[in-house]
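Colleague: I should like to learn how to read the packing and the side-chain contacts of a model such as this one. May we go through it feature by feature?

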Amino acid sequence: MRTKNRYFIYLILTFLLFSCAGKTSTAPSANDEITAPTFETQVIESEQIQEGEVYGPEIPVDGATAPDSIEPENAQPIEIHQDPKLCVVLGPGMAKGIAHAAALEILVKNEIPIHCVIGTEMGALVGALYAFSNGSINNLQWQLFKIKNENYFNFPLITLKSPVSSLSNINDFLKSAFKSNDISKFPVRFATVLSESTGAQKRVLEGDSMQVLSASLSIPGIFDSVNAFGKTFVSGAIVNPLPIDLAREMGATFVIAVDVLALNKNSNSGKKIETRVNSAFLSVDRLEALQGKSANVLIKVDTSNLHFTDFEKQGELLSAGRNATQKKIEEIKNLWNAHIGNN
């Protein structure tokens, strides 16, 4: 009986102990080991994120990509320097354009780097010969000698009864000189500008050399238009005689422009064609004068005492080109050296 009473008291004490702890428990058996009471841990609910709140980088939408980095406040823009590139732009002038070869000669002799050449009409032909020969002045002047010696520009055939020429003679020269190579494959970068009958320009950086240059030489009223690229074109000299803008588009940071288009002081040379050509170039001369102002250096060659058809006077034309360029060479050197020093 005493044993039962003790056991009963033990159960009551155990019940009271667990009740004080806030936790119920089953009564242990006589053989269970009595352990210290445990306490229930308070559960703290996490704070709920309100709808519309955003944490971290914004999620891209509509196919946009996330930025690689976030610029700090007051970040200074990174200045990107472009490698200096010098381009020579050669204007039109028929026979007067031969002076361009002498300008290139003086630049090469003075180690002025030429990264690209752009030209219109005769400037395109001289520039293409230079680019195709990888800057060989000897080869350039030899090809010009062939033009003179073999009379490829056969202007005596042009009369008022036959107002335009088919360019068939000069096309024979172009085939021989360029072997129908694509102008985009020339060792030195080259480009020209053509004009549609509507006056729309076409900047040409690639295409069959004979086709492109034949079209570039086609001064309206002097030569027939040329079919190229599925359209009919004439020389771009009538709309963009000195395409400095094209040079900039090609990456030129420094432009030397050569203007040989000095109208004749006396156009009465005894050749009917000379009067017609002088009139054709009248508006071109004004436009070229305006365009030349945007070049870093403008070389103006005085050819006013020579005629547009004086292909046989190569010596005088080359001399005029050398003299004009030589007068500018120190200015070119100083400006170019300052230009590469700032880049």
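Modeller: Let us begin with one helix and its surroundings. The buried residues of helix 6 pack against helix 3 (122-132), helix 5, strand 3 (189-196), strand 4 (201-204), strand 5 (226-228) and strand 6 (231-235). Please keep in mind that this is a predicted model.

Colleague: Which residues of helix 6 are buried?

Modeller: A residue counts as buried when its relative accessible area is under 20%. In helix 6 that holds for Ser209, Val212, Leu213, Ser214, Ala215 and Ser216. The helix is therefore mostly covered, with six of its eight residues buried.

Colleague: What is found at the start of helix 6?

Modeller: There, a side-chain oxygen of Asp208 comes within 3.2 Å of the backbone nitrogen of Met210.

Colleague: Let us take Ser216. Where does it lie, and is it buried or exposed?

Modeller: Ser216 belongs to helix 6, which spans residues 209-216. Its relative accessible area is 0%, so Ser216 is buried.

Colleague: With which residues is Ser216 in contact, leaving aside its neighbours within four places in sequence?

Modeller: They are Thr120, Glu121, Ala124, Thr192, Val193, Leu194 and Ser235. With Thr192 there is also a polar contact of 3.1 Å, side chain to side chain.

Colleague: How is partial exposure to be read? Ser283 may serve as the case.

Modeller: Partly exposed covers the range between the limits for buried, under 20%, and exposed, over 50%. Ser283 has a relative accessibility of 48%, so this residue counts as partly exposed. Ser283 lies in helix 9 (residues 282-291). Its C-alpha atom is 9.6 Å from that of Val239, and the two residues are 44 apart in sequence.

Colleague: Let us turn to disulfides. How many does a search of the whole structure find?

Modeller: The search finds one disulfide. Cys87 and Cys116 form it, with their sulfur atoms 2.4 Å apart. Since the cut-off is 2.5 Å, the pair qualifies. The link joins distant parts of the chain: Cys87 is in strand 1 (residues 86-90) and Cys116 in strand 2 (residues 116-119), 29 residues apart.

Colleague: What is the handedness of the link, and are the two cysteines buried or exposed?

Modeller: The angle about the S-S bond is -140°, and the link of Cys87 and Cys116 is left-handed. Both Cys87 and Cys116 are buried.

Colleague: How does one describe a pair of aromatic rings?

Modeller: One gives the distance of the centres and the angle of the planes. In this structure the count comes to nine aromatic pairs. One of them is Tyr152 with Phe173, where the centres are 5.3 Å apart and the planes meet at 50°, so the pair is tilted. Tyr152 lies in the loop between helix 4 (137-149) and helix 5 (168-178), and Phe173 lies in helix 5, so the pair ties together parts 21 residues apart in sequence. Tyr152 counts as buried at 13% relative accessibility, and Phe173 is buried at 0%.

Colleague: What geometry do Phe254 and Trp336 show?

Modeller: Phe254 and Trp336 form an edge-to-face pair, at 5.4 Å centre to centre and 75° between the planes. This pair links distant parts of the chain: Phe254 is in strand 7 (residues 254-259) and Trp336 in helix 10 (residues 314-341), 82 residues apart. Both Phe254 and Trp336 are buried.

Colleague: Which residues do ring pairs link into a cluster?

Modeller: The cluster is made up of Phe132, Phe178, Phe186 and Phe190.

Colleague: Which charged residues sit over rings?

Modeller: Among them are two lysines. Lys96 lies over the face of Phe308, 4.4 Å from the ring centre. The charged end of Lys202 sits over the ring of Phe229, 4.8 Å from its centre.

Colleague: Where is Asn110, and what does it contact?

Modeller: Asn110 is in the loop between helix 2 (99-109) and strand 2. Beyond its neighbours within four places in sequence, Asn110 is in contact with Ile329 and Lys333. A polar atom of the Asn110 side chain lies 2.8 Å from the backbone oxygen of Ile106.

Colleague: To conclude, how is the chain as a whole to be read?

Modeller: The chain has ten helices and eight strands. Of its 343 residues, 42% are buried. Among contacts between residues at least 6 apart in sequence, 76% join residues at least 24 apart.

Note on methods
Residues numbered from 1 in each chain as written. Predicted model: local features only at pLDDT ≥ 70, side-chain atom pairs only at ≥ 80, totals over all residues. Heavy atoms only, no water. Helix = DSSP H or I, 4+ residues; strand = E, 2+ residues; numbered from the N terminus. Buried < 20%, exposed > 50% of the residue type's maximum accessible area, 1.4 Å probe, protein only. Phe/Tyr/Trp six-rings, centres within 6.5 Å; stacked < 30°, edge-to-face > 60°. Lys NZ or Arg CZ within 6 Å of the ring centre and 35° of its normal. Contact = heavy atoms within 4.5 Å. Polar contact = N/O pair within 3.5 Å; in protein donor to acceptor, adjacent residues only side chain to side chain.
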